Amino acid sequence: MVALHTAKARRLPVRSVDEVVAEAGLGLVGDRYHGTRHRHVSIQSAELLDLAARDLGRDFDYGATRRNITVDAGDIPIRPGTRVRIGEVELEVVRILAPCRLLDDDIGAGAAAALRRRAGSACRILTSGTIRIGDAVTITEPPAEG
């Protein structure tokens, strides 16, 4: 994992942190989504953000997307039920996230379009613990239906 961001409230700026406490069933301590029903944490891929930056023709900070966790490479799982372990904390994918329409204001014109299908996933926290920059990320797909 390469970046970690929290925001105290919906419209307040995000801040970069080195670690954060994750509470099962609640969210990240100190984040705006702590205590919400399903969207405890959001995850995104640095690799996909770098592709979006290339499409835009300009770099931007990973925190500009307002997502909590940025992993270093690959696609982010979007299938509900997929498990993501980050260090000692286990997450479960709830749904794919759409890019926020405010991104064009914060990053620049075309940002929301460049981040379409690259905006990450919303997850609920299944096990409590501390998430830290540099933690290993493991993805476990749910069993196939059928």
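1. In which sense do strand S7 and S11 pair, and over how many bridges? The pairing is antiparallel and runs over four bridges. S7 covers residues 83-86. Within this pair, Arg83 sits opposite Thr140 of S11. Keep in mind that the model is predicted.

2. The sheet as a whole. S7 and S11 belong to an open sheet of eight strands. Its order is S2-S1-S6-S5-S9-S8-S7-S11, and the pairing is mixed. Strand S2 (15-16) and strand S11 (137-140) are the edge strands, each pairing on one side only.

3. The S7-S8 hairpin. S7 also pairs with S8, again in the antiparallel sense and over four bridges. Val84 has Leu91 of S8 as its bridge partner. The two strands form a hairpin with two residues between them. Gly87 lies in that turn, and its phi is positive, about 60 degrees.

4. On to S9. S8 and S9 pair in the antiparallel sense over five bridges. Here Arg95 stands opposite Ala122 in S9.

5. The main core. Nonpolar side chains tend to be buried together in soluble globular proteins. In this model the largest nonpolar core has 19 residues. Ile69, Leu91 and Ile131 have the most contacts inside it. Strand S3 (19-23), S5, S6, S7, strand S8 (89-96) and strand S9 (121-125) each supply at least two of its residues. S8 gives the largest share, three residues. Leu91, named above as the bridge partner of Val84, is thus worth a look from both sides: it is also among the residues with the most contacts in this core.

6. What does Ile69 touch, leaving aside its neighbours within four places in sequence? Its contacts are Met1, Ala3, Leu4, Val41, Ser42, Ile43, Gln44, Ile86 and Ile131. Ile131 is itself one of the residues with the most contacts inside the core. There is also a second, separate core of ten residues, which includes Ala52, Leu56, Leu103 and Leu115.

7. Helix H1 against the sheet. H1 (residues 46-56) lies across strand S5 (41-45) and strand S6 (69-71). It runs at about 60 degrees to S5. Its buried residues are Ala46, Leu48, Leu49, Ala52, Ala53 and Leu56. Seen down the helix axis, these fall within an arc of 160 degrees, so they line one face of H1. The cover over them includes S5, S6 and helix H3 (111-114). Ala52 and Leu56 of this buried set are also members of the second core.

8. The ends of H1. Ser45 caps the N-terminal end. One of its side-chain oxygens lies 3.3 Å from the backbone nitrogen of Glu47. After the helix comes Gly57, with a positive phi near 80 degrees.

9. Is Ile133 buried, exposed or partly exposed? Its relative accessible area is 36%, so it counts as partly exposed; the buried class would need a value under 20%. Ile133 is in the loop between strand S10 (129-132) and S11. Leaving aside neighbours within four places in sequence, its contacts are Met1, Val2, Ala3, Leu4, Val17 and Asp18. Val17 lies 116 residues away along the chain, yet the C-alpha atoms of Val17 and Ile133 are separated by 8.3 Å. Met1, Ala3 and Leu4 appear in the contact list of Ile133 and also in that of Ile69.

Technical notes. Residues numbered from 1 in each chain as written. Predicted model: local features only at pLDDT ≥ 70, side-chain atom pairs only at ≥ 80, totals over all residues. Heavy atoms only, no water. Pairing = 2+ DSSP bridges. Contact = heavy atoms within 4.5 Å. Axes fitted to C-alpha atoms, helices over the stretch in contact; angles between N-to-C directions. Core = buried A, V, L, I, M, F, W, Y, C linked by side-chain atoms within 4.5 Å. Buried < 20%, exposed > 50% of the residue type's maximum accessible area, 1.4 Å probe, protein only. Arc of directions from axis to C-beta. Polar contact = N/O pair within 3.5 Å; in protein donor to acceptor, adjacent residues only side chain to side chain.
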